[in-house]
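Please work through the following exercises with the sequence and the model at hand. Each task is followed by a solution in steps.

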Amino acid sequence: MANTQYICTEGDRWDNISQKAYGSPILAHVIIAANPKVFIEERLTAGTVLDIPIIAETETKTDLQLFPPWKRPE
């Protein structure tokens, strides 16, 4: 799977990075899985470099369909 890199800034969280990368905070698990050496903390350390997997839009929609309508981001 192809990746791009993201350099964390102060205040970054897994969910808001997922929002920036995929347009959805619920795909944070994809980024976490791609970065096993990064500790899972509430806020990431500024300067941390993350691998962001490039996923097809259809994969994103499939993941979104796993959630009930009231939990899906718009």
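The exercises below treat fold, salt bridges, core and one loop residue.

This is a predicted model, in which local features need pLDDT of at least 70, side-chain atom pairs count only at pLDDT 80 or more, and totals for chains, interfaces and linings use all residues. Residues are numbered from 1 along each chain as its sequence is written, and side-chain values use heavy atoms, with hydrogens and water left out.

**Exercise 1.** Determine the order of helices and strands along the protein chain.

Solution. Step one: take helices (H or I, at least four residues) and strands (E, at least two) as DSSP runs, numbered from the N terminus. Step two: count them, which gives three helices and two strands. Step three: read along the sequence to obtain the pattern β-α-α-β-α.

**Exercise 2.** Find the salt bridges in the whole structure and state the burial of the partners.

Solution. Step one: apply the criterion, a side-chain nitrogen of Lys or Arg within 4 Å of a carboxyl oxygen of Asp or Glu. The search returns two salt bridges. Step two: in one, Asp 12 pairs with Lys 20 at 3.3 Å, N to O. In another, Arg 13 and Asp 15 have their closest N and O atoms 2.9 Å apart. Step three: classify by relative accessible area (buried under 20%, exposed over 50%, partly exposed in between; 1.4 Å probe, protein chains only). Asp 12 is buried because its value is 2%, whereas Lys 20, at 54%, is exposed. Asp 15, at 30%, is partly exposed, and Arg 13 is also partly exposed, at 28%.

**Exercise 3.** Identify the residues that touch the most other members of the largest nonpolar core.

Solution. Step one: define such a core as a set of buried Ala, Val, Leu, Ile, Met, Phe, Trp, Tyr and Cys residues joined through side-chain atoms within 4.5 Å. Step two: among the 14 residues of the largest core, those touching the most other members are Trp 14, Ile 17, Tyr 22, Ile 31, Leu 44, Leu 50 and Ile 52. Step three: assign elements; H1 (14-22), H2 (28-34) and strand S2 (49-53) each supply at least two residues of this core. Step four: list contacts (heavy atoms within 4.5 Å). Leaving aside residues up to four places away in sequence, Trp 14 touches ten positions' worth of partners, including Ala 28, Val 38, Phe 39 and Leu 50.

**Exercise 4.** Is Leu 27 buried or exposed?

Solution. Step one: locate Leu 27 in the loop between H1 and H2. Step two: its relative accessible area is 0%, so Leu 27 is buried. Step three: the C-alpha atoms of Leu 27 and Ile 17 lie 9.4 Å apart, with these positions 10 residues apart along the chain counted as their separation.
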